[in-house]
Amino acid sequence: MFQIIFSLIGAAIWGAIFYWILYLRQTPRAQVRRRILGMVERAESERARALRAQQAAAPSISTNEPQQNLPVRRSFFVRIIKPIMFRLEHFLHSLTPTAIIGLLEMYIFRAGKQGSWALQRAAAMWAVSVVLGVVVAFLVLQYQDFLLPQKILILIVGGLIGAIVPFFILRAKIRNRQKEIKRTLPEFLDLLCVSVQAGLSFDGAVSKITSRMNGTLSDEFRHMLDDVKFGMTKQYALNQVAKRCDIEEIYLFTTSVIQAEKLGTSMAQTLQLQADNIRDRHRQHVKTEAMKAPVKMIFPMVLFIFPAMFVVLLMPSVITLIRTLGNH
């Protein structure tokens, strides 16, 4: 019993030291960014609340009947559970180090979920993952006896694994998104080049293509058009697309488009060169993946195909040999 108590105290001390080290690395710039993100989230929630209120009031405004101040019935989840969850998220977000919040913000931005995934909720989920890692490590300690240093080390490792798992999940999401973008980029650039050569402007061609295509890349350029409509410069919007995708091909494409607009060169010729370049890069990537296929096929063949072949080919000989030895 005393060993368990000492192990928990040691884990708490190491966790406090680790948290204090991360807290000391906070900079005023990071704290300012944290406050700005909080203000942006509150503004977004207030705008969404006002929009829902306007949509709810729209049917009553369209009728000519007098308005009545009727009490609004809210469910138990809205009245009790949702405020508790919001306060818990805010508390866990306040405990999360600023460095971790910055990493989560970067990963959410590259995953293209900055509009649908709240940073506060992501930070709260990271803190819950750390706690779950420590709890799982504590449960492991209950089934086998370890020395006190080993118990402290296992608890620390459990917390570190719980801290790393959310980033692995986000990284896998980013990799899948990048693979989809690389797969659809050559077709998108070919259509864009043909549209510009047909007489459309760059914005008009992008609008025409995004209205007829679906996918991650189309969503990104649709987001770029919305940013331009809201007053953002095209150069900054294209740079944001490149940062969200975080792919070398997108960086090359956006840089060439920005330089073509600055220098006044032919947009159609620039897009043609970029489409050919991206198509060649995609072809080389496909050839590279095809050359890796034989190596990847070795393990399934050794584990699943070769045993069945050995059974089919050698089993009759083995049976005959066993019968011959049995007769002798």
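Contact here means heavy atoms within 4.5 Å. The structure is a predicted model, and the results below concern the packing of two of its helices and a set of its salt bridges.

Two packed helices are described by the angle between their axes and the distance between the axes. For helix 6 (residues 148-197) and helix 8 (residues 216-229), the axes come within 8 Å and cross at roughly 80 degrees. Angles of 65 to 115 degrees count as roughly perpendicular, and helix 6 and helix 8 are therefore assigned to that class. On the side of helix 6, the contact is formed by R177, E180, I181, T184, L185 and F188, which meet T216, L217, E220 and F221 of helix 8. Sorted by class, the residues of this contact comprise 5 nonpolar, 2 polar and 3 charged.

Over the whole structure, the search returned 12 salt bridges. One of these pairs the side chains of R279 and D190, with an N to O distance of 2.2 Å. R279 belongs to helix 11 (residues 267-327) and D190 to helix 6, so this salt bridge ties together parts of the chain that lie 89 residues apart in sequence. The relative accessibility of R279 is 28%, and this residue therefore counts as partly exposed. D190 is likewise partly exposed, at 28% relative accessibility.

A salt bridge is also found between the side chains of R222 and D219, at 2.6 Å from N to O. Here both residues lie in helix 8, 3 residues apart, which corresponds to about one turn of the helix. Partly exposed is defined as the range between the buried limit of 20% and the exposed limit of 50% relative accessible area. R222, at 29% relative accessibility, therefore counts as partly exposed. D219 has a relative accessibility of 42% and is also partly exposed.

In a further salt bridge, the side chains of E289 and K296 meet at an N to O distance of 3.7 Å. E289 is partly exposed, with a relative accessible area of 32%. K296 has a relative accessibility of 51% and so counts as exposed. Apart from such pairs, salt bridges that share partners join R177, E220 and R244 into one network. Of the residues in this network, R177 and E220 also appear in the contact of helix 6 with helix 8, R177 on the side of helix 6 and E220 on the side of helix 8.

Note on methods
Residues numbered from 1 in each chain as written. Predicted model: local features only at pLDDT ≥ 70, side-chain atom pairs only at ≥ 80, totals over all residues. Heavy atoms only, no water. Axes fitted to C-alpha atoms, helices over the stretch in contact; angles between N-to-C directions. Helix = DSSP H or I, 4+ residues; strand = E, 2+ residues; numbered from the N terminus. Parallel < 35°, antiparallel > 145°, perpendicular 65-115°, else oblique. Nonpolar A, V, L, I, M, F, W, Y, C, P; charged D, E, K, R; others polar. Salt bridge = Lys/Arg side-chain N within 4 Å of Asp/Glu carboxyl O. Buried < 20%, exposed > 50% of the residue type's maximum accessible area, 1.4 Å probe, protein only.
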